[in-house]
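User: Please take one part of this model and look at it closely, setting it against its surroundings where that helps. I would like each term to come with its cut-offs.

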Amino acid sequence: MENKGKKFLINNVVPIVILILIVAAIPISGLSNGYLIQEMITRLSRNSFLVLSLIIPVVAGMGLNFGIVLGAMAGQIGLIFITDWRIVGMEGILLAVIISIPISIMLGVLGGYILNKAKGREMITSIIMGFFINGVYQLVVLYGMGNIIPMTNKKIILSRGYGIRNAIDLKAIRQVFDRFIVLKVGQFTIPVFTILIIGVLCLFIVWFRKTKLGQDMRAIGQDMEIAKSSGIAVEKTRILSIVISTVLASIGQIIFLQNIGTMNTYNSHEQIGMFSIAAILIGGATAAKASIPNALGGIILFHLMFIISPRAGKELIGSAQIGEFFRVFISYGIIALALVLHQWRREQENKAERKKLMEMQLSGGDK
Amino acid sequence: MDKIRNYIETMGWPRVIIALFLLSMYIIAPFVGLNLGTSISDTLIRFGMNAILVLSLMPMIYSGTGLNFGLPLGVEAGLLGAVISVEMGLTGAFGFWGAIAMSIPFAILFGWGYSQILNRVKGGEMMIATYVGFSSVAIMCIMWLILPFKSKDMIWAYGGSGLRTTVSIENYWQGALNSFFPFSDKIPFGEIIFFGVLAFLMWGFFKTKSGLAMKAVGANPKFALATGVDIDKVRTKSVIISTMLAAIGIIVYQQSFGFIQLYLAPFYMAFPAIAAILIGGASVHKATVINVMIGTFLFQGILTMTPSVINNLVKTDMSETLRIIISNGMILYALTRTGGKKNGK
Amino acid sequence: MKTILARGGVIVAVLILAVFLFISGKEHAVFITNKGESYTPKKAYYIIDGREKEVRIKKKKKKREYVKGTNHTIEVRFKDIDGNEIKVSRKFEAKLGEKISINVALIEDEKRWITKEKIEKEKKK
């Protein structure tokens, strides 16, 4: 009994620590519970799709896919086109998704290919890859669009004649998903349709894990060599996991942006990787293991912390600017903390493994 | 033919390709309206600015603590020293060496703390270093706002509190290192010589017993342990040396650039340095002074030349975007070369 | 062979869906004017596609409305020269590449209440 409790604590040390910090900070910040709850509902519906897209690469042993930024960029390109063509409403979003899918598939294949060449260093490589493709995206969107790529809607083009503006108003598709089916519970508004879509994704992930492909990925994640010798096409499957993740990320980014209603052409996608990964790490996931509760729980914890820390910082020290920096510090510090704790946990697990192995050998057990 | 092939293989294809690319940039330059002399001089200046920062990566690579993505930590120590030097009103050579002198204690302190974290996460240093670096920049942002600095050249005008984002050191110690030498605005002899001295010290250090112990810890920890080396202590030493060099590196950078950049400027500084050393042929486990020199030159060269050349070719200013593509592309290239089996995620 | 057909089928289906979405989702601008030949009502009101609030358009004024998709209706009401209340509903189609102008003053005239022009693509150098 005591051992089970201890194990639970160790396994979930990260979310527990963060939860304690948050609970301590809420009263300091002075934010009302009602406000927080509504914010959480909104942010869950906005971010879940993106964070959930991180799960499959983790299963396949690719680590935390910072490359979801690539998917986000594909989604944004889709949105740029439908804004240019003036397609509105539900049709607009669906068309944006359709446009972005081939782009995200291509980027996913590219990303998977690059990551395959950097085995053992996938996470840091995916960070750099995100930066790199961001540069290519800028090349296309800031210089190509309106130029080599014909655009008709003058409103979204910069005054120099080519290149997309920094911020695009998405009011044509604003909250289309969110408002499609809405439930009002007391003072809270719940975007049912969006949540249904997230639910479908969760079901998909659960189902996927049980398919042969999902099992293959799991095998690769546990031990690449053994997977290879049992006939699994390791390289291709790894790429496939990244492709799926990237496509999901592009849809997720579209869902995210339709909720916000404005797209910062050159910034919206940058933080997405950082924040989504911070969220899933805080939810207790590791580079080797991630589940749906990690994703959803993590979003709640991360966003609570995200909202509360600037306010708490302001109340404690008295400057909103400091509160902002404090929030940045906490966001990155938490990722560092989560990674450190994860590594520490790994060490403990390895030690326990070795202990068990030694005991087995000493007691003369069979192999 | 075979001899050439062998030579290229020892040099490494990527380095050759990049070197040829850079060479072609220099050749094209005059044809697109760029002055060749200025181009080369610009490259050398950028070399001088960045070489020491790249050099700072060496100790940690040897000791097995990986590529120092936490470089911003050392940079922050350097910034502290620089800012204090300006606060004290030091100018010229005093300003420069004073800045270095005052940053060293901070570098040692930060480096020590940093190493304590890294020693507990063996195998996953690089990822964690990145975030430690980011977090430290954020904390220092808060510090820049609340530390009690008074110098009029550094504080926000109109009675604001906290330091400005950029502090000009034109009147303090800009160019201090090069001022003793001729052609100070074309060829940064001072910086190059200073780099040479430090590089020589590095090279010498790695031939000493401590240096060899450091190499052993990185190459074969079990062997090092067996010979009685305290692994954690050696790693700590390497981290502290790296941090100190980073602090010195940013001060040299600033005296050339003419500005102290605070707040979010150091955020991504690790990446160009790492790109440079990887281009120079280093790997996650091994880096020589030659790697540093060649890498910095090639990297800064491409970073200087390519945007200028392409800008003049296409008549548009795409420098920022091109820099992003080039520097990250090079890091990607280097990261995907070695298919390491190490589990250093 | 089967997989190629299946995949090809999916792609074709998606393409058809995309075209459908494009057409039914595209927003068109419709220009409304109030300029009669012999008589122009001082104030006219119209409702497009049964929207909640009716829009007032004064004599000789112009307005621009946006509609999504192809098939639309417009319901116009105003007082004619004798003071009688006139109410007319019309249907119209918004097609790609066409500029639509509706003159509410002429709404009773079956032929001239609406004009469509082909939009010339501006050539930008």
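Analyst: **Chain B and its surroundings**

For a compact globule of 345 residues a radius of gyration near 20 Å would be expected, and chain B agrees with this, since its own value is 20 Å; the radius is taken over C-alpha atoms, and the globule rule is 2.2 Å times the number of residues to the power 0.38. The model is a predicted one, in which local features need pLDDT of at least 70 and side-chain atom pairs count only at pLDDT 80 or more, while totals for chains, interfaces and linings use all residues. Residues are numbered from 1 along each chain as its sequence is written, and chains are lettered from A and ligands numbered from 1 in the order in which they are written.

Chain B holds 14 helices and two strands, where helices (H or I, at least four residues) and strands (E, at least two) are DSSP runs numbered from the N terminus. Taken along the principal axes, its C-alpha trace spans about 65 × 60 × 35 Å. Of its 345 residues, 51% count as buried, a residue being buried if 20 or more other C-beta atoms, placed from the backbone, lie within 10 Å of its own, exposed if 12 or fewer do, and partly exposed in between. Among the contacts in chain B that join residues at least 6 apart in sequence, 75% link residues at least 24 apart; here two residues are in contact if their C-beta atoms, placed from the backbone, lie within 7 Å.

The partner of chain B is chain A, for chain B and chain C do not touch, their nearest C-alpha atoms being 16 Å apart. Two pairs of chains are in contact, and of these chains A and B share the most contacts. The contact between them draws 35 residues from chain B and 38 residues from chain A. On the side of chain B that touches chain A, the elements giving two or more residues are helix H7 (125–146) and helix H14 (319–335) of chain B, and H7(B) gives the most, with twelve residues. Sorted by class, that side of chain B has 19 nonpolar, twelve polar and four charged residues; Ala, Val, Leu, Ile, Met, Phe, Trp, Tyr, Cys and Pro count as nonpolar, Asp, Glu, Lys and Arg as charged, and the others, Gly among them, as polar.

Turning to that partner, chain A is built from 15 helices and four strands. Its radius of gyration is 22 Å, close to the 21 Å that the globule rule gives for 367 residues, so chain A is as compact as a globular protein of that length. Its C-alpha atoms fill a box of roughly 80 × 55 × 35 Å along the principal axes, buried residues make up 50% of its 367 residues, and residues 24 or more positions apart account for 73% of its contacts with a separation of 6 or more.

Helix H7 of chain A (residues 122–144) has 23 residues and reaches 30 Å from its first C-alpha to its last, close to the 33 Å expected at 1.5 Å a residue; the expected span is 1.5 Å times one less than the number of residues. H7(A) is mostly covered, with 17 of its 23 residues buried, and just after H7(A) comes Gly146(A), which takes a positive phi of about 95 degrees. Elsewhere in chain A, strand S2 (residues 182–185) and strand S3 (residues 188–191) pair in the antiparallel sense over four bridges, two strands being paired if DSSP finds at least two bridges between them. These strands, S2(A) and S3(A), form a hairpin with two residues between them, and Gly186(A) in the turn has a positive phi of about 65 degrees. Within this pairing Lys184(A) stands opposite Thr189(A) in S3(A).

Chain A also meets chain C, in a contact that takes eleven residues from chain A and nine residues from chain C. The largest share of the side of chain A that touches chain C, six residues, comes from helix H6 (residues 89–116) of chain A, and the residues of that side divide into seven nonpolar, two polar and two charged. In chain C, helix H1 (residues 2–25) has 24 residues and reaches 34 Å from its first C-alpha to its last, close to the 34 Å expected at 1.5 Å a residue. H1(C) is hardly covered, the count of buried residues among its 24 being two.
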